[in-house]
Amino acid sequence: MRQTVKLTTNWSLLLQELGAHPDNVLRRANLPISLLSREQVSITIEECFRFWESLEAELPDQPVPFLIGHQLKVEAFDPAIFAALSSPNFNQAALRLQKYKRLIGPFRLDLDINSKTTQLSIDSIGAQELPAGMGMLDLVFFVSFIRRATRAPIVPREITVVRKPKFLDKYRAFFECDLEEGPMYTVTFDAEDAAKPFLTANETMWDFFEPVLQQRLAAIEFEAAMADRVHAALCELLPSGRGSVQEVASMLGVSNRSLQRYLQKENTSFKRILNATREQLARHYLQKTQLTVGEIAFLLGFDEPNSFFRAFKGWTGTTPQRVRDMLTLN
């Protein structure tokens with residue numbers, strides 16, 4: 001009942017270039033050893049995050065996000081990124097990457113393009129927090145991307161990080177600016193830099209790539225199980241006090257009856273997905289925030305805290321406070 005992401009076979013080559021043995025990384029992450037040899041592999045976001053954290057644990061003395069985001073070829077990641085290099089400037093490239101972000105990785109890309117600046121904000125999909133290394137990787141990648149495409153030594157106006165990374169001096173030297181702490185990972189460029197012409201611009205190449213990317217995106221959406229789509233919709237709706245079966249069905253563009261029929265075919269139900277999503281979000285809020293039980297109850301769509309308390313005990317066999325204490329200790 002979770003969203004999935006594609007894991008490309010390029011990762012096998014990337015790991016070898018980094019000096020990490022793929023089998024060791026996969027074992028640490030509790031993933032099948034044969035995973036990277038398969039075609040069209042889909043893994044859950046949780047598994048993707050475990051894979052990343054395992055990679056960093058395998059290479060503790062190296063700035064892994066910096067090495068992947070800067071020193072390796074950007075074209076090696078994905079056709080969507082290679083195609084974005086054919087854009088006329090960074091603003092257009094960022095818009096294209098935002099559209100096809102589901103083909104690239106488990107992150108959300110928000111853009112703020114105005115007359116003074118272009119800002120990219122990077123966050124996790126759903127309730128799970130984006131690993132710090134993945135946040136740093138994206139920041140390094142976007143700065144390296146704009147510099148490579150323009151062949152200009154562009155310096156970001158501002159960089160914010162959720163927490164300061166290891167090898168901080170190396171990142172400062174690369175960005176040529178300080179890293180400020182903030183609620184998410186962001187990089188801000190001056191409008192003039194974001195509008196600089198890409199020397200890699202090639203609309204003919206983009207015209208070739210775009211239909212392929214559209215097909216890949218459509219295939220992902222078609223293949224997505226209804227349970228995954230319901231889970232994703234609930235992650236978006238619950239914090240705003242919504243999340244009924246009618247509201248989810250409306251968001252997904254199906255009737256209530258059709259939604260229930262699809263879920264039945266997948267051997268699940270709306271109530272089961274709702275409970276699992278609420279438990280996942282509850283654990284996230286208990287571990288990552290200082291929200292009170294009453295505030296968490298509201299964010300999960302419960303009318304009052306006692307209802308949440310009873311439901312949580314039914315899911316876990318214990319109380320929210322006890323789980324918060326255990327998660328905090330870990």
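These are my notebook entries on what I looked up in this predicted model.

**Entry 1: Confidence**

I began with the confidence of the prediction. The mean pLDDT of the protein is 85, and 88% of its residues reach 70 or more. I then asked which element has the lowest mean pLDDT and which the highest. The lowest value, 67, belongs to strand β1 (residues 4-7), and the highest, 97, belongs to helix α9 (residues 191-194).

**Entry 2: Aromatic rings**

I looked up the aromatic pairs next and found that the structure holds 13 of them. One of these is formed by Phe141 and Phe142, with 5.3 Å from centre to centre and 65° between the planes. This pair counts as edge-to-face because the angle is over 60 degrees. Both Phe141 and Phe142 are buried.

A second pair that I noted joins Phe312 and Trp315, again edge-to-face, at 6.1 Å centre to centre and 65° between the planes. Why are Phe312 and Trp315 separated by about one helical turn? They are 3 residues apart in helix α16 (residues 305-316), and so about one turn lies between them. Phe312 counts as buried because its relative accessibility is 0%.

I also recorded one aromatic cluster, which is formed by Phe90, Phe141, Phe142, Phe145, Phe189 and Phe198.

**Entry 3: Charges over rings**

I searched for charged ends placed over rings. The charged end of Arg96 sits over the ring of Trp206, at 3.9 Å from the ring centre. For Arg147, the ring beneath the charged end is that of Phe174, and the distance to its centre is 4.9 Å.

**Entry 4: Strand β5 and its partners**

I followed strand β5 (residues 158-161) to strand β7 (residues 185-190): the two run antiparallel and are joined by 3 bridges. Within this pairing, Thr160 has Thr186 in β7 as its bridge partner.

In which sense do β5 and strand β6 (residues 179-181) pair? They pair in the parallel sense, over 3 bridges. Here Val161 stands opposite Glu181 in β6. I noted further that β5, helix α8 (residues 168-175) and β6 make a right-handed β-α-β unit.

**Entry 5: Two buried residues**

I examined Ser121, which has its place in strand β4 (residues 117-124). Its relative accessible area is 10%, and therefore I list Ser121 as buried. Leaving aside neighbours within four places in sequence, I found Ser121 in contact with Arg108, Leu109, Asp110, Met184, Tyr185 and Thr186. Thr186 had already appeared in my notes as the bridge partner of Thr160.

I then turned to Ala249 in helix α12 (residues 245-252). Is Ala249 buried or exposed? Ala249 counts as buried because its relative accessibility is 1%. Not counting residues up to four places away in sequence, Ala249 touches Val254, Ser255, Asn256 and Leu259. I also noted Gln260, which is 11 residues from Ala249 in sequence and 9.2 Å from it in space, C-alpha to C-alpha.

**Entry 6: Positive phi in loops**

Finally, I looked up backbone angles. Asn30 has a positive phi of about 60°, although it is not a glycine. Asn30 lies in the loop between α2 (22-28) and β2 (41-44). With a relative accessibility of 64%, Asn30 counts as exposed.

Arg151, which is not a glycine, has a positive phi of about 55°. I located Arg151 in the loop between α7 (132-150) and β5. Its relative accessible area is 56%, so Arg151 is exposed.

Technical notes: Residues are numbered from 1 along each chain as its sequence is written. This is a predicted model: local features need pLDDT of at least 70, side-chain atom pairs count only at pLDDT 80 or more; totals for chains, interfaces and linings use all residues. Side-chain values use heavy atoms; hydrogens and water are left out. pLDDT is the predictor's confidence in each residue, from 0 to 100. Helices (H or I, at least four residues) and strands (E, at least two) are DSSP runs, numbered from the N terminus. Rings of Phe, Tyr and Trp (its six-membered ring) pair if their centres lie within 6.5 Å; planes under 30 degrees apart count as stacked, over 60 as edge-to-face and the rest as tilted. Buried means under 20% relative accessible area, exposed over 50%, partly exposed in between (1.4 Å probe, protein chains only). A charge sits over a ring if NZ of Lys or CZ of Arg is within 6 Å of the ring centre and within 35 degrees of the ring normal. Two strands pair if DSSP finds at least two bridges between them. A crossover is right-handed if, with the strands pointing away from the viewer, the path from the first strand over the helix to the second runs clockwise. Contact means heavy atoms within 4.5 Å.
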